[in-house]
Amino acid sequence: MSPGPRRVAIIGGGIVGLATALALRESSPDAPLTVLEKESEVGRHQTGHNSGVLHAGVYYPPGSLKARLCADGRARMEAFCTAHGVPFTRCGKLVVATREAELPRLETLRERAVANGLAVEVLDRDALREVEPHAAGLRALRVPESGVVDYGEVARAMKAALIAQGVAVRTGQSLRGVRRMNHALVLETGTGEVESDFVVNCGGLHADRLARRFGLDPGIRIVPFRGEYFHLSAAGAAKVRALIYPVPDPDLPFLGVHLTRGVHGTVEAGPNAVLAFAREGYRRRDLSPGDLIEAFAFPGFWRMAARWWRTAAYEWRRSLDPALFLRDLQRLVPSLTRDDLCPGGSGVRAQAVDRDGRLADDFLFVEGPRSLHVLNAPSPAATASLAIGREIARRAGERMAG
Ligand SMILES: Cc1cc2nc3c(=O)[nH]c(=O)nc-3n(C[C@H](O)[C@H](O)[C@H](O)COP(=O)(O)OP(=O)(O)OC[C@H]3O[C@@H](n4cnc5c(N)ncnc54)[C@H](O)[C@@H]3O)c2cc1C
């Protein structure tokens, strides 16, 4: 590597890439830093299409990266928002058990939450109605520390903070190729080249492909799962005070369709988790032959499909039939009606799947030649982003010093 401060480039101007740039700027104030983002603005993919929940850290196995980085990241995110004038609310949430069979899983969640340092409370049928008068259930876990924020706004504030600190945030520049030159890496974009001593890949839905460009066999494939939302009408929204979640399936990394009153006051219902036919497949009809061929060529895709085809088929049916979506929401808030559901937006999750067809649960950071790759950063990675950034900066610093 060249003498003097290391030049670092970050691929991806989503919240993880931007938070990584902030952490690297803090740990090496003199290092030339560049963020390359292919879209014309930061935060256009997962970061700008999510539920906007500041997760408290209930679900994650104690000791996992998710558990550790979510708690630290949420505190850092609240501090960042306060310092940069980005509104957020700590509104609390309910995880509601609506069937007897869910009660043991609710208890497991309570134990996890406590092990993760959260002060949670178990509410009976009447007590949960005092918190959410229109919700119904047998029992609920109340998590006071959950909150809401607009992560698109956070990303734009991060970009402004980076530019103010001399970081080059280059939007509209897609990484197309990588070549080695002496001790450096030359990153080729459609509009020029960037020389760098070390690269951090935060490419979200394209992270596995980007890793391969750096000579790494990532061992996983990113599979896109679209999350579709309904937006609640004013009458529907009046039935939801804050955040109402079901008890999730412990075998899946998704939380189940829920109700979220966002930081701007609107209420969203969703997201489901529909296997998408394109990595940036925001609409049902979006289909990318290249993305599909790549997925089909990966043995893990078929192993995943063999295991989860029933769930996948139900998700597609529910996507096509609002009555099924409504039925699942009515388990949480029985008085919701079809008239309460208005068409909403969608987001696409970048979910890493391994060769055995397992859906990666924890965050996944993999080292490559002169590079570090974020290969699985699903929810709660937006909440945790500022802690993830510090973790990456630490690992990158060790690599560059070594
Ligand atoms: C439906 C949904 C709901 C969610 N809800 C929540 C929630 O409530 N709370 C929470 O904490 N998390 C939530 N998440 C997860 C959260 O949104 C993601 O974990 C987080 O945004 C990941 O950020 P990222 O920077 O890794 O990815 P992204 O935001 O996708 O950013 C990756 C960036 O890389 C860029 N890129 C890709 N290829 C290239 C290239 N070749 N050259 C240059 N740039 C490139 C992309 O354009 C993109 O901007 C949700 C996600 C979804 C999809």
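Between which domains does the ligand lie? Select domain 1 (8-47 + 152-219 + 361-401) and domain 3 (223-354) in this predicted model. Both domains give residues to the shell around the ligand, so the ligand lies between them.

**Domains**

Colour the chain by its division into domain 1 (8-47 + 152-219 + 361-401), domain 2 (93-144) and domain 3 (223-354). Then hide domain 1 and look at the other two. The centres of domain 2 and domain 3, taken over C-alpha atoms, are separated by 22 Å. Between these domains, 18 residues of domain 2 are in contact with 18 residues of domain 3.

**Ligand shell**

Bring domain 1 back and select the residues around the ligand, 38 in number. Those that come nearest are Glu37, Thr47, Leu175, Ala377 and Thr383. Colouring the shell by residue type gives 16 nonpolar, 18 polar and 4 charged residues. For the secondary structure behind the shell, select helix H1 (15-27), strand E2 (33-37), strand E19 (341-354) and helix H11 (381-401). Each of these elements supplies at least two residues of the shell.

Now show the polar contacts one by one. Start at leucine 175, where a backbone N or O atom lies 2.9 Å from a nitrogen atom of the ligand. Go on to threonine 383: an N or O atom in its side chain is 2.7 Å from an oxygen atom of the ligand. At serine 379, a polar side-chain atom lies 3.5 Å from a nitrogen atom of the ligand. Taken alone, the ligand exposes 1000 Å², and the protein buries 97% of that area.

**Cis peptide bonds**

Stay at serine 379 and look at the backbone. A cis peptide bond joins serine 379 to proline 380, with omega about 10 degrees. Proline 380 is in the loop between strand E21 (371-376) and H11.

Next, select glycine 270 and proline 271, which are also joined by a cis peptide bond; here omega is about -5 degrees. Proline 271 belongs to the loop between strand E17 (267-270) and strand E18 (274-275). For background, most peptide bonds are trans.

**Hairpin of E10 and E11**

Which way do E10 and E11 pair, parallel or antiparallel? Select strand E10 (175-181) and strand E11 (184-189). They pair in the antiparallel sense over 6 bridges. Within this pairing, glycine 177 stands opposite glutamate 188 in E11.

Follow the backbone from E10 into the turn. The hairpin has 2 residues between the strands. Asparagine 182 is in this loop and has a positive phi of about 50 degrees, although it is not a glycine. Most residues other than glycine have a negative phi.

**Three-stranded sheet**

For the last stop, select E3, E8 and E4. These strands form an open sheet of 3 strands in the order E3-E8-E4, with antiparallel pairing. Strand E3 (53-54) and strand E4 (88-89) stand at the edges with a single partner strand each, so one side of each has no neighbour in the sheet.

Zoom in on E4 and strand E8 (residues 147-149), which run antiparallel and are joined by 2 bridges. Show phenylalanine 88 and valine 149 together: valine 149, in E8, is the bridge partner of phenylalanine 88.

Conventions
Residues are numbered from 1 along each chain as its sequence is written. This is a predicted model: local features need pLDDT of at least 70, side-chain atom pairs count only at pLDDT 80 or more; totals for chains, interfaces and linings use all residues. Side-chain values use heavy atoms; hydrogens and water are left out. Two strands pair if DSSP finds at least two bridges between them. Helices (H or I, at least four residues) and strands (E, at least two) are DSSP runs, numbered from the N terminus. A residue is near a molecule or strand if one of its heavy atoms lies within 4 Å of it. A polar contact is a pair of N or O atoms within 3.5 Å; within protein, one must be able to donate a hydrogen and the other to accept it, and residues adjacent in sequence count only if both atoms are side-chain atoms. Accessible areas come from the Shrake-Rupley method with a 1.4 Å probe; for residues, only the protein chains shown count as cover. Ala, Val, Leu, Ile, Met, Phe, Trp, Tyr, Cys and Pro count as nonpolar, Asp, Glu, Lys and Arg as charged, and the others, Gly among them, as polar. Domain bounds come from an automatic or database domain assignment. Contact means heavy atoms within 4.5 Å.
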